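Take a moment to look over the sequence and the structure shown below. The paragraphs that follow begin with a single residue and then widen the view step by step.

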Amino acid sequence: MAILKKGVKGGDVKEAQKLLNKNGAKLKVDGDFGAKTEAATKAFQKKVKLKVDGQIGPITTAALKYGKPLPTMQTQDYIKYMAKIKGNWVDNSQIVTFVRNAQKALDEAAAKATKDVEAALGFYNGNVTYWTEVRKIGDQVIVKQKQFEKLRTKDPAAAEKLAKECADLDAKLMDIANKKIKPNRLKTTAALQRADKAMDAAVAAITKCRKEVEAEKATW
């Protein structure tokens, strides 16, 4: 629809005046966008937190039909968010590989460290499942946010429902990150620190043994 503003006349103005009256204005429905219609438009725009310019375009029309402020997306942009953390689940797979390598080395050098390395591997393998769920939730939010943009002015009620669904999914994702993934990372770090100390002890023992052998060799 064309932008309705002061000086415009016609049937579209009449419909706008009816909507303004429905939202509390007391205008004469005469199809003439005059000073009173402009003032009523500004008052409504202020009420529903839109740009107060006294002109009726698609956004103001949608709000007039909706009868209250249009819904807003409270959840961050998941296209940008998922792109930002994409490297995290790649890192997760690499870390599993690193831990496997550490396990092999510790098995050979110090049986005492094996238990801690296996524990670390278990924590990160557990995170593989959580990252899969995070990716699934992220994809769902992206789809809903795209739908939201299409429905925001066409069907605000449906858009409002989508915004709530996105917020719920976001809360679920953050719950997984803070209660599952992050604790597993901390547990893994602690386990690897213990394993590292065990390895240091094993290396120290091997070094001591090598020196002892070399010392013994000098007497041959």
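**A walk through the structure**

Apart from its neighbours within four places in sequence, threonine 60 is in contact with Phe44, Gln45, Leu50 and Gln55. In this predicted model, threonine 60 is part of helix α3, and with a relative accessible area of 7% it counts as buried because that value is under the 20% cut-off. Threonine 60 shares this condition with other members of its helix, for the buried residues of α3 are Thr60, Thr61, Ala62, Ala63, Leu64 and Tyr66.

It is worth following the chain to either side of this helix. Before it, in the loop between α2 (35–47) and α3, lies lysine 49. Is lysine 49 buried or exposed? Its relative accessible area is 76%, and lysine 49 is therefore exposed, since the cut-off for that term is over 50%. The backbone of lysine 49 also deserves attention, as its phi is near 60°, a positive value in a residue other than glycine. Such a value stands out because most residues other than glycine have a negative phi. After the helix comes glycine 67, which follows α3 and has a positive phi as well, near 85°.

Further along, the loop between α3 (58–66) and α4 (78–109) holds threonine 75. This threonine 75 is buried, with a relative accessible area of 8%, although it is found in a loop. Which residues does threonine 75 contact, leaving aside its neighbours within four places in sequence? They are Gln145, Ala163, Cys166, Ala167 and Asp170. With one of these residues, alanine 167, there is a further detail to notice, namely that a polar atom of the side chain of threonine 75 lies 3.3 Å from the backbone nitrogen of alanine 167. Threonine 75 also illustrates how positions separated in sequence can be compared in space, for threonine 75 and valine 141 are 66 residues apart along the chain, while their C-alpha atoms are 9.0 Å apart.

With these residues in mind, the whole chain can be considered. The chain has 6 helices and 0 strands, and read along the sequence it follows the pattern α-α-α-α-α-α. Of its 220 residues, 34% count as buried, and threonine 60 and threonine 75 are among the buried residues. Among the contacts in the chain with a separation of 6 or more, 61% are accounted for by residues 24 or more positions apart. Finally, the accessible surface of the chain comes to about 13800 Å², and 55% of that surface belongs to carbon and sulfur atoms.

How values were computed:
Residues numbered from 1 in each chain as written. Predicted model: local features only at pLDDT ≥ 70, side-chain atom pairs only at ≥ 80, totals over all residues. Heavy atoms only, no water. Helix = DSSP H or I, 4+ residues; strand = E, 2+ residues; numbered from the N terminus. Buried < 20%, exposed > 50% of the residue type's maximum accessible area, 1.4 Å probe, protein only. Contact = heavy atoms within 4.5 Å. Polar contact = N/O pair within 3.5 Å; in protein donor to acceptor, adjacent residues only side chain to side chain. Areas by Shrake-Rupley, 256 points an atom, 1.4 Å probe, with all protein chains shown as cover.
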